[in-house]
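Please look over the following chain together with its coordinates, moving from the interior outwards.

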Amino acid sequence: MEYVNTDMLNAVSITFKLALVTSVLLLLIVMPLAWFLANWRHSAKSFVLSIFALPLVLPPTVLGFYLLIAFSPESALGAWWLDLFGSTLAFSFEGLVLGSLIYSLPFALQPLYSGFTQLNKGYLEVATSLGFSPLETFFRIVLPQCKAAVIVAFGLSFAHTVGEFGVVLMIGGNIPSETQVLSIALYEQVEALEYERAHVMSLGLLVFSFVALALLYRFDGNKRHSAVSQHRVRS
């Protein structure tokens, strides 16, 4: 039996393309958002943070259902997309990207928000005294100091997007070479009782998930150890 076929390779390609596009876009969107939230002082802050964290606890099928309605041609967003591009947003790769941005957003937001809140504000005061603009301060001071948080945010977003199932199934369906990602292809193989191919896909996803998390934990741990060592030297 052929364990790897064209459909499986296409699913791998679509999955990692979706994860890469989603993770890059999330960093661009979430970095300024996380910086704003980290420095925002308002009574509604906990309410706003709860809204952004909803995908962490909300069943994927619930989120996928409402996204499917929002992406349909009968909705304002879906109709606008259809008029602009001549294709539906639902059951398209672009729809998968938009849904993944929403579903994976807290996995990028939480590490960045945590990193920004733990940043030593003394660096910002020094930058201001040197005449740095807010934009210069962010790129020259904040990002280098929070590099670990940025990398963890990217890594978690990427790994989480690779493992998506419920949301991508609801809004993307199961169209080979278009919206069929690995998790859906795996489900299809199980339904067809093709357990050998299902084992190959499952093992690949398991190894990828473990390696990704191990690297992220190791990187974050090394950064914390380095920060503690530098603190002791200064003390």
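The paragraphs below go through the interior of this predicted model, then its loops, and finally a patch on its surface.

A natural starting point is the nonpolar interior. The largest nonpolar core has 40 residues, and Leu18, Val30, Leu112, Phe116, Val142 and Val181 are those with the most contacts inside it. Several helices contribute to this core: α1 (6-39), α3 (60-71), α5 (93-117), α7, α8 (147-162) and α9 (166-172) each supply at least two of its residues. The largest share, 11 residues, comes from α5. Leu18 shows what such packing looks like at the level of a single residue, since, with residues up to four places away in sequence left out of the count, Leu18 touches Phe93, Leu96, Val97, Ser100, Thr161, Val168 and Val181. Beside this core there is a second, separate one of 11 residues, which includes Ala19, Leu182, Ala185 and Leu186.

From the interior we turn to the loops. Phe132 sits in the loop that lies between α6 (121-129) and α7 (134-145). Its contacts, again not counting residues up to four places away in sequence, are with Ala127, Thr137, Arg140 and Ile141. Measuring from C-alpha to C-alpha, Phe132 and Phe16 are 38 Å apart in space, and they are 116 residues apart in sequence.

Two other loop residues deserve a look for their backbone geometry. Phe91, in the loop between α4 (76-85) and α5, has a positive phi of about 60 degrees although it is not a glycine. Leu193, in the loop between α10 (182-191) and α11, likewise has a positive phi of about 60 degrees without being a glycine. How accessible are these residues, Phe91 and Leu193? Phe91 has a relative accessible area of 43% and is therefore partly exposed, a class that runs from 20% to 50%. Leu193, with a relative accessible area of 57%, is exposed, because that term applies over 50%.

The last stop is the surface. Leu203, Leu206, Val207, Phe210, Val211 and Leu215 form a nonpolar patch there, and together they have about 630 Å² of accessible area. One of these residues, Val211, belongs to helix α11, which covers residues 195-234. Is Val211 buried, partly exposed or exposed? Its relative accessibility is 41%, so Val211 counts as partly exposed. That value also fits its place in the patch, because patch residues need over 30% relative accessible area.

Note on methods: Residues numbered from 1 in each chain as written. Predicted model: local features only at pLDDT ≥ 70, side-chain atom pairs only at ≥ 80, totals over all residues. Heavy atoms only, no water. Patch = residues over 30% accessible without salt bridge, like charges linked within 9 Å, V, L, I, M, F, W, Y side chains within 5 Å. Areas by Shrake-Rupley, 256 points an atom, 1.4 Å probe, with all protein chains shown as cover. Salt bridge = Lys/Arg side-chain N within 4 Å of Asp/Glu carboxyl O. Helix = DSSP H or I, 4+ residues; strand = E, 2+ residues; numbered from the N terminus. Buried < 20%, exposed > 50% of the residue type's maximum accessible area, 1.4 Å probe, protein only. Contact = heavy atoms within 4.5 Å. Core = buried A, V, L, I, M, F, W, Y, C linked by side-chain atoms within 4.5 Å.
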